[in-house]
There are 2 protein chains.
Amino acid sequence: MTYEVIPNGHVTSPRGFLAGSVHTGVKKEKDDLVLLISETATTSAAMFTQNLAAAAPVHISREVFDEGDVRAVLVNSGNANACTGSRGEADALELQQITAEMMKMKPQQVALASTGVIGVPLPMDKIRAGIPTVIKACHAQGGPQAAQGIMTTDTIRKEMAVTTVIDGKTVTIGGMAKGSGMINPNMATMLGFITTDAAVELSYLKEAVAAVVEDTYNMITVDGDTSTNDTVMVLANGQAGNKPLNDQHPDKKKFMDALYAVNEALAISIVKDGEGATKLMEVITEGFATKTDARLAAKAVLNSNLVKTAIFGEDGNWGRIVCSLGYSGAAFQLNDVALTLANSRGESVQVLSAGLPLNYSEEKVAELLKDKKVMIRLTAASGEASARGWGCDLSYDYVKINGSYRS
Amino acid sequence: MTYEVIPNGHVTSPRGFLAGSVHTGVKKEKDDLVLLISETATTSAAMFTQNLAAAAPVHISREVFDEGDVRAVLVNSGNANACTGSRGEADALELQQITAEMMKMKPQQVALASTGVIGVPLPMDKIRAGIPTVIKACHAQGGPQAAQGIMTTDTIRKEMAVTTVIDGKTVTIGGMAKGSGMINPNMATMLGFITTDAAVELSYLKEAVAAVVEDTYNMITVDGDTSTNDTVMVLANGQAGNKPLNDQHPDKKKFMDALYAVNEALAISIVKDGEGATKLMEVITEGFATKTDARLAAKAVLNSNLVKTAIFGEDGNWGRIVCSLGYSGAAFQLNDVALTLANSRGESVQVLSAGLPLNYSEEKVAELLKDKKVMIRLTAASGEASARGWGCDLSYDYVKINGSYRS
């Protein structure tokens, strides 16, 4: 590996980033307003939900990222500011303006993100009053508190940082994320904030973020729903002093690997924290004609309630897996299909070859599925494309949480 | 209405149809082999699963329906003959041939359907031995037993018949279906068999069946999965003596209405019997630019686990409904969207207008959602197209049934 994981690394591990978190009263007790700041100019890129009911902060941040020099990100949790109409847009604009004024920035340098209940106007008095407080709360070790402050139904804090060497300079990439339910291949109720002190050219950063999001957040699913507020932002402030990364840079692969590592870890931590999840599912699809086919196949298996409940029940029900492959939209020949089940202990059983079940031990499969991580490897013979995705099982607790929680 | 429902009507209510059901030992105790016969020639049309892992009986029946004169349908339950490779194809062919020989028909007049466990070869000895028995068991009142014999995880028998008048002649349409889990807009683990004594021209029957399936079986969903064996077959034997129905026939609308009524009732009975279902959901989408948009919108709401669990929890969580509309792929403007919740007692509450929540009574919504049927009406302002679909809630029992049942 060309990068190193920083133990307990976080979103302010890279140089020149500050973060803070405060309680303004939107949530009952926990922190609900977070600010992430870069001390210096950045190149910045982001990906947003494709949901047509996208929330006000998404509309505003889209414009901000068109400029590509984001210095501050204000995140509130407990209220999504979605389905709030023109009032919601005005509220978001006001928060952006207040923050910019107090930070002596241009409004186009302040991005927003919100997560929480839908259809309720932001409690503006509380958040307005919180802005000066959260600005004061920001500091260079504020990452962990910030990661805590953006949580809603999350049960664990999601953060990560790695270092790599670019042009002989140590470059750090950090990140934090939130998300547990409603996570889908098209990015749902998930927020991700990535920071780096690498210098990165804007056009290259945009490409890099799009590619990494496609293979990480867009390949995780908890329940197939995508939300109104999904956002992944990457801010690069260049304080590491490397020659700006671009498509010709000799160390670009090292940067991409490190960026991927941070985002993959955050994406998997979201799935692991899936509402009611008891097991992590990893699906690997290989031998498909195109990347699109391979992704479709992996997503169909990960999204199948029948596969998810079978995994919860520790039942190696390969019929449901093949069935979901069959309707995935991916092209394949059934008599080419091989299927192997495996777990994190390295145990594996091939159950299907040439589209037909092998004479395998049901007991060994049942034993293997007791692990907390189940891997499903589906192989076709249509080409060279492969994909990887992550999901979780569907448990009683998923029904319990979502049958009673008003999101 | 231009048709009348026959009390306790069934698949052999139309003239000239016989059915029988026997136990061959594929299932432990219950009937597992069913035969449906038309005494005379038919015009026949069918729709099959689009799953690329389609089962052997689907391959065979596709060819049979290309001929369009099906006289007998052999259905076995307990084993899907799916993912059984060339052996499965040979087994299915043999069953078709044995039945044709014994019935003195051509093989191309015998269709097949199977439902049950995947990946296990058919217990041919048992089924072979059962064919003469099931032929003898067929009689003109055999509909209800046949409807019982095709069940797998179904908890209720699904059958229906109506009469209408075409050319002054009384025409009867009957049907039976099976399906409870794995029911999806693209027809899954569901079998439907429709009979009519109407005379119908083949090309018109094919159109009619395609149109009706699109609005009934393809608009129901239990868990979004589609199966390897889904099939809907319609056999018309002309014994009513009407002038053959075609696109110019003055009574064609009456026939379509009656055909729709039978299939809608069967489709809804499948959803009501959805695994672990406690409530029927009906989603009506109106004011979309195209029928495709309206259908996409309805299906997204019906397939959302978050909406399904909210309905189970009797929570009028409109945010999740709007969210699923947002990622459905249907075109709409959020500030046009209206949403009304209703139930079978005629109670209704409009919760959203112009994309914004109204000041409605949460208590009234909670009261309304206690009903066994919940209606969700979503209105856009993009055009004149509408659609209707049915689904069910997602309960603890769904997880229980599918976490432990090996299908």
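Here are some questions and answers on salt bridges, one strand and one annotated residue in this predicted model.

Me: Happy to start with the ground rules: what pLDDT do local features need?
Reply: Residues are numbered from 1 along each chain as its sequence is written, chains are lettered from A and ligands numbered from 1 in the order in which they are written, and side-chain values use heavy atoms, with hydrogens and water left out. As this is a predicted model, side-chain atom pairs count only at pLDDT 80 or more, totals for chains, interfaces and linings use all residues, and local features need pLDDT of at least 70.

Me: How many salt bridges does a search of the whole structure find?
Reply: A salt bridge here is a side-chain nitrogen of Lys or Arg within 4 Å of a carboxyl oxygen of Asp or Glu. Over all chains, the count is 40.

Me: How many residues apart in sequence are the parts that B:Arg388 and B:Glu264 tie together?
Reply: Good one to look at in the viewer: these side chains meet in a salt bridge at 2.6 Å, N to O. B:Arg388 lies in strand E17 (residues 385–392) of chain B and B:Glu264 in helix H6 (residues 252–272) of chain B; helices (H or I, at least four residues) and strands (E, at least two) are DSSP runs, numbered from the N terminus. The pair therefore ties together parts whose separation in sequence is 124 residues.

Me: Is B:Glu264 buried or exposed?
Reply: Buried means under 20% relative accessible area, exposed over 50%, and partly exposed in between (1.4 Å probe, protein chains only). Its partner B:Arg388 is partly exposed at 32%. B:Glu264 has a relative accessible area of 18%, so B:Glu264 is buried.

Me: Which strand of chain B pairs with E2(B) in the antiparallel sense?
Reply: All 6 of the 6 residues of E2 (residues 17–22) of chain B are buried, so this strand is largely enclosed by the rest of the structure. Two strands pair if DSSP finds at least two bridges between them, and B:Gly20 stands opposite B:Leu35. The antiparallel partner, over 6 bridges, is strand E3 (residues 33–38) of chain B.

Me: Which residue does UniProt list for "active site"?
Reply: The record is an unreviewed entry; UniProt positions are given in the numbering used here, feature names are shortened, and annotations may be inferred rather than shown by experiment. The listed residue lies in the loop between strand E8 (169–178) and strand E9 (191–196) of chain A. That residue is A:Thr189.
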